[in-house]
Amino acid sequence: MSRLSQNVLRAISILGLALIIAAAIWAWRAGILTDKKAMAAYVGSLGVWAPLGFVMIQIVQVVVPIIPGGVSCLAGVLMFGPLKGFVLNYVGIVLGSIILFLLSRRLGRPLLERLFKPSLIERYDAWTRENGRFSKLFAAAIFLPLAPDDFLCALAGTTRMRLGFFTLVVVLGKPLSIFLYSLFLQLGWKLLLPGG
């Protein structure tokens, strides 16, 4: 790849990250990323574009982790129903994970240090020091609903992991964890607010 191509890709990556951060800040200030009702009102105002708007919210919340993903997963299920909500959650989270991996691949460790706490980086950094170990642990963690997926996707981008392997793990591993996470959140919501 020529130096010009690398510079263009770097500029596109930086611009993309800046746009995602700007969208995240706007959505956070508007309450869309912190209040389920505000998110529902915003998505509802989009009419037929609501599913696309929700997928974009999911992408943003993965790339710029302002809120726990569970809040938007629950909102997706409550707004669109269990099946459609699951599909929209899945599409947004997978696309966001791939974007985060690619941004991390381009921007490296400084991106990790800006988005995540040093204690989280230190805890999982040891995984990357042993040959072949990170890929196996990453794959196992993605299948579990309680792993810090967004961070692990960003960390994977700083390793030698191939995009094809990463995508395969995320595409195959996310459905079960999203399903379980959404199911337990929905059950918890119903227990806390019967009839809600």
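Trainee: Which side chain meets lysine 174 in a salt bridge?

Mentor: This is a predicted model. Lysine 174 sits in helix 10 (residues 163-192), and its partner sits in helix 9, 25 residues apart, so the pair links distant parts of the chain. The N to O distance is 2.7 Å. The partner is aspartate 149.

Trainee: Are lysine 174 and aspartate 149 buried or exposed?

Mentor: Buried means under 20% relative accessible area. Aspartate 149 is listed among the covered residues of helix 9. Lysine 174 shares that state, and both are buried.

Trainee: How many salt bridges does the structure hold?

Mentor: One joins lysine 174 and aspartate 149. Another joins arginine 109 and aspartate 125, at 2.9 Å, N to O. The total is two.

Trainee: Why does the pair of arginine 109 and aspartate 125 tie together separate parts, and how many residues apart are they in sequence?

Mentor: Look at where each one lies. Arginine 109 is in helix 6 (residues 109-115), while aspartate 125 is in helix 7 (residues 118-125), so the bridge ties together parts of the chain. Their separation in sequence is 16 residues.

Trainee: Is arginine 109 buried or partly exposed?

Mentor: Its partner, aspartate 125, has a relative accessible area of 14% and is therefore buried. Arginine 109 has 29% relative accessibility. Buried needs under 20% and exposed needs over 50%. Arginine 109 therefore counts as partly exposed.

Trainee: How many residues of helix 9 are buried?

Mentor: Helix 9 covers residues 149-157. Its buried residues include Asp150, Phe151, Cys153 and Gly157. The helix is mostly covered, and the buried count is nine of its nine residues.

Trainee: Which residues does leucine 155 contact, leaving aside its neighbours within four places in sequence?

Mentor: Leucine 155 is in helix 9. It has 0% relative accessibility, so it counts as buried. Its C-alpha atom is 8.9 Å from that of arginine 105, 50 residues apart along the chain. Its contacts are Arg109, Leu112, Tyr124, Asp125, Thr128 and Phe134.

Trainee: What separates the C-alpha atoms of leucine 111 and threonine 158?

Mentor: Leucine 111 is found in helix 6. At 6% relative accessibility, it counts as buried. Threonine 158 is 47 residues apart from it along the chain. Their C-alpha atoms are separated by 9.6 Å.

Trainee: Which residues does serine 97 touch, not counting residues up to four places away in sequence?

Mentor: Serine 97 is found in helix 5 (residues 82-107). Its relative accessibility is 0%, so it counts as buried. Lysine 174, from the salt bridge with aspartate 149, is one of the residues touched. The full set is Val62, Cys153, Phe166, Val170 and Lys174.

Trainee: Which residues have the most contacts inside the largest nonpolar core?

Mentor: This core has 46 residues. Its largest share, eight residues, comes from helix 5. Phenylalanine 166 is in contact with residues including Ser97, Phe101, Phe138 and Cys153. The residues with the most contacts inside the core are Phe138, Phe151 and Phe166.

Trainee: Where is tryptophan 49, and is it buried or exposed?

Mentor: Tryptophan 49 is in the loop between helix 2 (36-45) and helix 3 (50-63). Its relative accessibility is 57%. Exposed means over 50%. Tryptophan 49 therefore counts as exposed.

Trainee: Which residues form a nonpolar patch on the surface?

Mentor: Tryptophan 49 is one of them. Together the members have about 480 Å² of accessible area. They are Val48, Trp49, Leu52 and Met56.

Trainee: How far apart are the end C-alpha atoms of residues 39-57?

Mentor: The unreviewed UniProt entry annotates this span as a "transmembrane region". The span is 79% helix and 0% strand. Residues 87-104 carry the annotation too; they are 100% helix, with end C-alpha atoms 26 Å apart. For residues 39-57, the ends lie 9 Å apart.

Trainee: How many helices and strands are in the chain?

Mentor: Read along the sequence, the pattern is α-α-α-α-α-α-α-α-α-α. Buried residues make up 41% of the 196 residues. The chain has 10 helices and zero strands.

Key
Residues are numbered from 1 along each chain as its sequence is written. This is a predicted model: local features need pLDDT of at least 70, side-chain atom pairs count only at pLDDT 80 or more; totals for chains, interfaces and linings use all residues. Side-chain values use heavy atoms; hydrogens and water are left out. Patches are made of residues with over 30% relative accessible area and no salt bridge: like charges are joined within 9 Å, nonpolar side chains (Val, Leu, Ile, Met, Phe, Trp, Tyr) within 5 Å. Accessible areas come from the Shrake-Rupley method with a 1.4 Å probe; for residues, only the protein chains shown count as cover. A salt bridge is a side-chain nitrogen of Lys or Arg within 4 Å of a carboxyl oxygen of Asp or Glu. Helices (H or I, at least four residues) and strands (E, at least two) are DSSP runs, numbered from the N terminus. Buried means under 20% relative accessible area, exposed over 50%, partly exposed in between (1.4 Å probe, protein chains only). Contact means heavy atoms within 4.5 Å. UniProt positions are given in the numbering used here, feature names are shortened, and annotations may be inferred rather than shown by experiment. A nonpolar core is a set of buried Ala, Val, Leu, Ile, Met, Phe, Trp, Tyr and Cys residues joined through side-chain atoms within 4.5 Å.
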